[in-house]
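User: Hi! I'd love a close look at one part of this protein, with the rest of the picture built around it. Here is what I have in front of me.

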Amino acid sequence: MLRRLSAVLSPAEALPRAAAALVVDVIRATTTAAYLLAAGARELVLTAEVAQARAEARRRGALLAGERGGLPPEGFDLGNSPREANPERLRGRAVVMTTTNGTRAALRAAGAARRVGLAALVNVRAALRWAAAGEGDLVLVAAGREGRAALDDTYAVGALADALSAFAPQAELDDTARLARALFRAHPEARALLAQTAAARALEPAGLADDVEACARLDALDVVPVLAERLDNALRFVPVYPKGV
């Protein structure tokens, strides 16, 4: 059973060692990752750099997804938008993804935890079911923005911390997790809170403001992208649909 929940809100903070980690980049990488797998992609490979992503995609015959400055790099098949998760295009395909913040956070988490999943508002309960099925401590890793803590990710971490009692009532929360939980409880309307964030405002000039609504859909999906394989400078995730707990 889970013993302790800790949270790390800034990429500048060191990660504690833990049995499991849930990585959060709610606008938009971990949200998009969940939508891609829910739409039928068979696996998702995350890399930190664009060149690595291109090389992995060539090797696997995979679709390329991701962003730099909010928009897909030249030659990419998909951006970093959950609204691009089209089952007709994705079913049975591998996807290689690189983003500014989220994929780097996943690589950090993989160095600190044995089990790693990707979480967002859209899969809070599924992510916690998966995490609570294991033993030991759980750390929630917020991707943040430009090297600092971000309001949107802190809010999503708070949603996870708030829902944990339904799955692991015995787990002790550290002060950072309690802080994030207090933020979530103070703002019950996710869409309204997310719309105020720097991450959301940055989408407006690119015409991607509607992505915020997709990111705000609490428990819309029952899939968790779960780390299946550590590669050279990359991580391979597969869809898991947790039951019970």
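Which residues does L160 touch, not counting residues up to four places away in sequence?

Analyst: Happy to take you through it, and please keep in mind that this is a predicted model. Leaving aside residues up to four places away in sequence, L160 touches L22, V24, A119, V124, A127, L128 and L140.

Those contacts make a good doorway into the interior. L160 is among the residues with the most contacts inside the largest nonpolar core, along with L22, L44, L194 and F237. That core has 90 residues. In soluble globular proteins, nonpolar side chains tend to be buried together.

A second core, separate from that one, has ten residues, including V45, A53, F76 and V96. One of these, A53, takes us to helix α2, which spans residues 50–60 and has V50, A53, E56 and A57 as its buried residues. Viewed down the axis of α2, the buried residues fall within an arc of 125 degrees, so they line one face of the helix. Among the elements covering them are the strands β3 (43–47), β4 (63–66) and β5 (94–98). Turn to the other side of α2 and you find A51, R58 and R59 exposed. After the helix comes G61, with a positive phi near 65 degrees.

Back to L140 for a moment, as this contact of L160 is also touched by S6. S6 sits in strand β1, residues 2–8, and it counts as buried because its relative accessibility is 8%, where the cut-off is under 20%. Apart from residues up to four places away in sequence, S6 touches P16, L138, V139, L140 and D174.

Finally, the largest pocket. It holds about 360 Å³ of space. Its lining is made up of 23 residues, and I27, E67, G70, N101 and R145 are the closest to the pocket's centre. Two elements each give two or more residues to this lining: α6 (151–163) and α9 (198–203). Of these, α9 gives the most, with three residues. In character the lining is mixed, with eight nonpolar, eight polar and seven charged residues.

Notes:
Residues numbered from 1 in each chain as written. Predicted model: local features only at pLDDT ≥ 70, side-chain atom pairs only at ≥ 80, totals over all residues. Heavy atoms only, no water. Helix = DSSP H or I, 4+ residues; strand = E, 2+ residues; numbered from the N terminus. Buried < 20%, exposed > 50% of the residue type's maximum accessible area, 1.4 Å probe, protein only. Contact = heavy atoms within 4.5 Å. 1 Å grid on protein atoms, 1.4 Å probe; cavity = no way out; pocket = protein on both sides within 12 Å on 5 of 7 lines; lining within 4 Å. Points joined across faces, edges and corners; volume = space filled by probe spheres on them. Nonpolar A, V, L, I, M, F, W, Y, C, P; charged D, E, K, R; others polar. Core = buried A, V, L, I, M, F, W, Y, C linked by side-chain atoms within 4.5 Å. Arc of directions from axis to C-beta.
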